[in-house]
Each structure stands twice: as structure tokens, then as C-alpha cells.
Amino acid sequence: MYSKKLARLAFGLLAESKFKCPLTRSASSRVNAVRSVCSWTVCLHHRQKNQLSEGFSRRLTCRNVRTVSQTTLDPNEVRKFQAMASKWWDLQGEFAALHSMNDLRVPFIRDNLLNVHGIQELGKPLAGLRILDVGCGGGVLSEPLGRLGADVLGIDPVEDSVRTAELHSSYDPDLRERVRYQACTLEELAEEEVEGFHAVVASEVVEHLADLDAFASCCQQVLKPGGSLFITTINKTNLSYVFGILAAEQLLRIVPSGTHDWEKFISPEDLERLVESFGFYVEAIRGMMYNPLTGAWSWQQSTAINYALHAIKCKEEFQPGQVWAESKNLDEPGQTTNYS
Amino acid sequence: MFTFAKAKLAVLGTGRRCVARRAFRGFASSERDEESSTSDNQLFDIIISGGGMVGTAMACSLGLDPNLAGKKILLLEAGHKKEMDRVPETYSTRVSSISPGSATLLSGLGAWDHIANMRCKPYNKMQVWDACSDALITFDKDNLQEEMAYIVENDVIVAALTKQLQTLTDHVKVQYRTKVVKYIWPRPYHVSESIPWVQVTLANGKTLHTKLLIGADGPNSMVRREAGIPTVKWNYDQSAVVAVLHLSEPTENNVAWQRFLPTGPIAMLPLSDTESSLVWSTSHQHAEELLQLDEESFVDAINSAFWSNENHSELVETAGSLFRTALSVLMPDSGSARQLPPSVAGIGPKSRVMFPLGMGHATEYIRHRVAIIGDAAHRVHPLAGQGANLGFGDVAYLTKVLSQAAFNGKDLGAMQHLLEFETERQRHNLPMMAAIDLMKRLYSTNAAPMVLLRTFGLQATNALPPLKATLMKWLHSFTKRFQPEGP
């Protein structure tokens, strides 16, 4: 295993197919190219968007993905994505890094929710909590949360991924009851489910979005007051360019070229400012690191490359642009000042 | 010769681990049974196949774990339920030496109280000596105050654990008199239309499904065989004769005795003030002869095996006593006086049995959705009394691993945490098994060079307290206490 990884590092610039692990060799090299560490379904979106005409909205709605697939989308592309959809649950395959990221994400979400809500039931620590998994893909993160007792709704615009997720969880009666999937976008959902969730999880999603304001606003809409928002994404630094783009995309080919756009990365400070402007307060930010040799993630002090963020929706009524002013009299509630 | 054996074990164990780490562990043939659909009330989270000491302890341990509350666990046992309202008058011949670590595990399960109420014998000292020389080594905690280990009948252990299981019936079910006829393994990849669980077909025709199968079905494990897990094994040319001995006179029977004869070790383990258990490992032929002897001749054979010096040669005696003198100059307090075990007057009625001995080690303890523990994974010579303790160590660690996996929302049959269990236990078990095998081979000969080597070795180890203390600590580290993490 180590020798394979080292060989790839050394000869990273040569043709990929020669050094691929035989277990994950796919039929065609075009299919090879679509491998991703992040929520590739959203990246797929990104690429589809680039292929379509300017008539479509620049926001990440693409609610016409189904009609698009019937009219303008290349049937070869559809077939390719269908083949990829079934690779979600190959634990040693293209999505291995996403599966191993669960070792960090699930305890992070679980422990922070336990801090807020306390343990509900022995054996099912998250029982009674409703969680929304945005960009769930094949359900890699939704299933562990469901096993911990939460009621999970996973949404993803790509129908094939949603179908794969549904099929995979259908065999287990525990999951069947607790984890549901829907092929739609966050905007569509936000209209129906106002203040419906105790937590929203957007893991490896925001680095692919064009309109973060809309995203944050929808999150704020669907969360109950005091609800939690969990985001994992990539920082915008020189180091993340070297490791996240150069090493991951060009040298090691962990992620296909063009998946990530460094301009779209967001630093924790900017993300914090953004969510705070929509009525959240950031409770924790932690750095994460992927070790390509062992295939394992670990927490680290520095947020220079990957990081995870936990924010809580403020309980009081909050308008964007509002600032709470200190009250001179402690008995009086603070005066609000509107800056419009 | 034994270095080769050790190396072979190590290479097979670790080599396979390295190669298989990232590759999935597929099965040789994986059948898809499309006829039987998964009916919800027959899907279990964990099925344990085999209800011996280790299997029942595993069921208890999983049932008591807080992170596994709500999981459906099933124990399948081919025999009948072993209940013991009162202990029978006569002792049973199959006993085990339970180390303090195993006793801690059993008391954590709540079974140790039942065992203490039924019958168990602590012993404080162990004397191990050679038949071919005067070399001996004694193990004891200072001044015989603390208990070194306990001799407990196997039936008592199983009965105590069964009693504990009855308090967990809400989520641990047990099916007795249930034999498994077939296992069908799942594909490691998720293929649509195939059942992703392990299918267990019983003799009565029912099929059960489980997310994780734990094989605790003994040295001839069907789970291990059906899963196609390669096993390194060989038969020793030895059988063990076990019997219950009546001592000539009551004594404060708190010492375990073991003498290495050229044909094999003979051990006397205390059961009470008047009775002890015999485990005599010897060649097949001699074992059969011993079974044929009448009671008096058998008793004479036992006493002479422990007491006679016919195997001493002059060379070895002289060399041995010179070495001992040298050691006593260097370390004046060292050396222990050789004591002789109590003499035997008779044996328990109808209590002579023999069974063949062998060594076995499964090169892998796990597959996708399968884990094997206890004798199914490792089978050792009884000379060190560690077989049961290694099994209890497996129980403790596997429970810890599964508990943590459940708290992280993982699929219980996933390879990642099962690999962690396998690595950790192989790291513990392989050195112990290699050492036991080495001891057995070292003491199987009376050729002078080997005798001199082991004489000096034994005397030196006895004389140097740091060496002996390290050996004791190493022996007892094999069943460490494990605390599962949780909320």
C-alpha cells in the first residue's frame, strides 16, 4: 500500500492509469477522471453550469437539472455519472477519503450536539434531533448520523446519487426509518421547511458554491433558533493552493484537475463573518489534515488547509445589518439600531 | 527450528496484514441467496456462534455495554443450557487457570460473584522445575499474601456467565441446541439486489441475517473454515491426561506445581484442601497406557513422576550445582529451596480422560463482517495455562472496539475497526504463543546441551529478581483491563 502511494507521488506526472490500484481501475479513462475528495456532485454541478448557456441563473439553484439532463445534457455524461454513483460505497475506491473523514466529522457533530442538547438515549445519543445533510451525495455522512439516532434528511441535486443513497440505506431497517433522501436544492427546501431542523450539515460543499449569501440565508431559514450549523471546507491560503490544488489535483491525482477553484475557497475568518451577518455566532473552528499515505484524517491546530466550523443560530430575532447596542441600564434590554 | 516456527507465524501474520490492509478481504466463494429476503425481525446486529466460556463472555460483555444498548444480539450454542443451582459434589476434570486480568473482566460482567459463590480456588505460588536437573523457578507475590491466579472449573465459569445473561434478555437472546449448517458471506461491495449481510442457516431450516458474525466456536471452528481463513497449525505428538486427584492428607493447598519430564510437563493444580487437578501432557502411547492402568498403579506413576530423580545425569547435576554456587556468590539472597508437591492417594471416580494437543493460529482474525475469537483464533498447549486468558483478552478488546465504533455511528461489520482489533490482539497473542511453543520444544528433550541450556536459564531467571519480575508482568499483561469510551 505504501509503495503504491509513493510510486504515485514520484511518478505523478505520468499517465495515471499505469499506477492505479487494480481494485479501483475503471473501464474507461474518462470515468477515471471523475474522482473527487469533496462532494463531487456539487462539483458536477459546477461543471454542468459551465457547459450550459448564460441563460441559466448564476446561483447554485440549477433546479432544472432534471430537464437539463433530458434536453441539453450529453447522454454519455449521464451514463458516466450513473456509473460513478454506484462507486460511492466502495470503501477503498474513489471516495475513500470522504469515508475516512467520517472519523472526524461524526464525532465533531455528535459531541457539539451533545453539548447543546445533552444525551437523549443510551445507544442513540442523537435521538429526537432532526438533521439536514446538504449535498449528501451517496449518504456517506447521513448514515452514521442516522445510526446515532437522529432523523436525517439528505438532499442533493443529483438524482442518481440520491437513488444510490436510498438503495444503500434500504437494507438496514434502522436506517430506513431514520434517514430520508430528497433530490432537490437547498433553496427549494427552505421554502417548505422553515425552522424545521435542529442541525444543518454542509460538508465539503461551500467551496463549490457561487452564492454563499443565499446559502447562509437558506441555512438560517431552515434552522430552529439555537440550532447548529456544521461546515467543513478548505481555506484560501498559499498552503491550501500547494496541497489542495497542486498536490491533490496535479501530483497525486486524488482529485481530478479542475474540481477546485482556489478563488472559491473561503478563509475561516471570512466564513465566520459571513455566517455572523446572517444571525449565527461561531462556536468552534478546528483545523483538519489529510494524510495521503495512511488515508486518515486528523485534527490539527492550524486551519491552513481544511477546517471544520460549528455555528449556532442566535435565539433572538435578528435582521441582517442589525447591531445590538449595549444598554446603560442592566435591567433594560439592549436597544437595537438599524443601519440601513 | 523454533525460530523458524516463530518467524513463520510472524511473517504469515504480519505479511498478510500489510497486504490486506487496503485491499478488501474477499471470500473465496460468495453465494447470493436471492430466495430468502431479509425479514426485519430476523436481522440481528451481532450473532455470536459458539456458547463456550469465551462466546458466553462475549455475549455478556456486549449486552452490558452502554453504547451498544438497543442493538440486537444473538448467541447460538449447539449444546444445552448449562445451569448450576448447586455445584456438584465431584469436581469436573476440565479446569482453567484464570489470571487476575481475566478475573477483572469477569467481575466487570458481574459473573465473578457467582463464581466465588460456587467454587474457585486461588493460588499464591507456582513452582516449575525440570526432571533432568535441579533447576527450578518459583513465582509468587511477596510472602504468599496475594493471589496469583485462580483455578476454576470450566463448567462453573459457563454457568456463572449464563446466569448473568439471563438478566440481559431484553436485547441479548440465546438459542440453545441450535446447530449452524451453512454460512453465506456478503460481498464487500454494495451490489444492488444482493443481501449485504451474513446469512446463517440453522439445522432447523431457518435463516438469520446479521451485520457482524463473531466466531467463538472452538479450535475446529466452522466459521473460520467456511470463511477460508488460512490457519497455521500442527499437532504436537502429545495428548493430555486429566484427572481429579485426592491428596494423601489435607494441606493448605495454594501452590501450583509443574514439572517438565522429557515426555512432557505434568501439572498439579489445587482445587481444594484435599483435591487437586492433574494435567499430564505426554506421548499418545504413554497417555493410553496411563488410562489403562488400575487406580493404584496410576497413582504410583503420578507420584514417581513428581518425585523421582531418575532422569538426572551426573554431568548435568555437577554443572547445575556449580552454576548455582556461582549465582549464590553473586546474589546471596537468590534461589529458592525446592519443595515437593503433596503426595497423591487416589483419584476421583471415573475421572480419567485424555485429549490430543495441538497448536493453531489463524493468520487473520477478521473478514468483512466476521471476527473470530478464543480458541477459534488461537489454540495453545496447556503448559502455561493461558488459553482461556487469551480468549478473555479478545473479548475485552473486541467489546471496546465495537463500543467505540457504535458511538461513532459506524456499521458494526466494517473492516476499519475490525482491523484494529486484529492488529492489537495478534500483537499480544503471537509472542505468547511463540513462547509457549518454544518452551514445549525446549523441554521435550533430555539431550545434555539442551538440558544444560535450560538449566542455566531457569536458575538464572529464578536468581535475578528483575528478570523474574519482568516475566511475571509480561505474563499478566495479557489480559489488561479495558474501559470502553462512551458518553
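Cys60(B) forms no bond with another cysteine, because the closest cysteine sulfur, in Cys120(B), is 17 Å away, too far for a bond. The model is predicted, and this distance is computed from it. A disulfide would need the two sulfur atoms within 2.5 Å. Cys60(B) is also buried, at 0% relative accessibility.

The count of disulfides over all chains is zero. Cys136(A) takes part in none; the nearest cysteine sulfur belongs to Cys184(A) and is 9.3 Å away. Cys136(A) is buried too, with a relative accessible area of 5%.

Salt bridges are another matter. A search of the whole structure finds 18 of them over all chains. Take Arg163(A) and Glu159(A). Their closest N and O atoms are 2.7 Å apart. The cut-off for a salt bridge is 4 Å. Both residues sit in helix H8 of chain A, which covers residues 159–170. They are four residues apart, about one turn of the helix. Arg163(A) is partly exposed, with a relative accessible area of 45%. Glu159(A) is partly exposed as well, at 31%.

The pair Glu195(A) and Lys313(A) spans a longer stretch of chain A. What does it tie together? Glu195(A) lies in the loop between helix H10 (186–192) and strand E4 (197–203), and Lys313(A) in strand E8 (residues 306–313), so the salt bridge joins parts that are 118 residues apart in sequence. The closest N and O atoms of this pair are 3.7 Å apart. Lys313(A) is buried, at 7% relative accessibility. Glu195(A) is partly exposed, at 38%. The backbone of Glu195(A) deserves a look as well. Glu195(A) has a positive phi of about 50°, although it is not a glycine.

Chain B offers another residue with a positive phi. Phi of Arg177(B) is near 50°, and Arg177(B) is a residue other than glycine. Arg177(B) lies in the loop between strand E8 (172–175) and strand E9 (180–184) of chain B. Arg177(B) is exposed, with a relative accessible area of 64%.

Back in chain A, Lys236(A) forms a salt bridge with Glu263(A), and their closest N and O atoms are 3.6 Å apart. Lys236(A) lies in the loop between strand E5 (223–234) and helix H12 (238–251), while Glu263(A) lies in the loop between H12 and helix H13 (268–277), so the pair ties together parts that are 27 residues apart in sequence. Lys236(A) is partly exposed, at 33% relative accessible area. Glu263(A) is exposed, at 52%.

Salt bridges also link residues of chain A to residues of chain B. Asp172(A), Asp174(A), Asp45(B) and Lys211(B) are connected in a network of salt bridges.

Next come the surface patches. A nonpolar surface patch on chain A has an area of about 420 Å². Leu239(A), Tyr241(A), Val242(A), Phe243(A) and Leu246(A) make it up. Leu246(A) is placed in helix H12 of chain A. Why can Leu246(A) count as partly exposed? Its relative accessible area is 33%, and partly exposed runs between 20% and 50%.

On chain B there is a charged patch. Asp294(B), Glu295(B), Glu296(B) and Asp300(B) form a negative surface patch. Glu296(B) belongs to helix H8 of chain B, residues 295–307. Glu296(B) counts as exposed because its relative accessibility is 63%, against a cut-off of over 50%.

Two serines give a sense of distance within each chain. Ser217(A) lies in helix H11 of chain A, residues 212–222. Ser217(A) is partly exposed, at 26% relative accessibility. Its C-alpha atom and that of Asp90(A) are separated by 35 Å. Those two residues are 127 apart along the chain. In chain B, Ser102(B) is placed in helix H3, residues 100–108. Ser102(B) is buried, with a relative accessible area of 0%. The C-alpha atoms of Ser102(B) and Lys182(B) are separated by 32 Å, and the two residues are 80 apart along the chain.

Technical notes: Residues numbered from 1 in each chain as written. Chains lettered and ligands numbered in written order. Predicted model: local features only at pLDDT ≥ 70, side-chain atom pairs only at ≥ 80, totals over all residues. Heavy atoms only, no water. Patch = residues over 30% accessible without salt bridge, like charges linked within 9 Å, V, L, I, M, F, W, Y side chains within 5 Å. Areas by Shrake-Rupley, 256 points an atom, 1.4 Å probe, with all protein chains shown as cover. Salt bridge = Lys/Arg side-chain N within 4 Å of Asp/Glu carboxyl O. Lys, Arg positive; Asp, Glu negative; His and termini not counted. Charge placed at Lys NZ, Arg CZ, Asp CG, Glu CD. Buried < 20%, exposed > 50% of the residue type's maximum accessible area, 1.4 Å probe, protein only.
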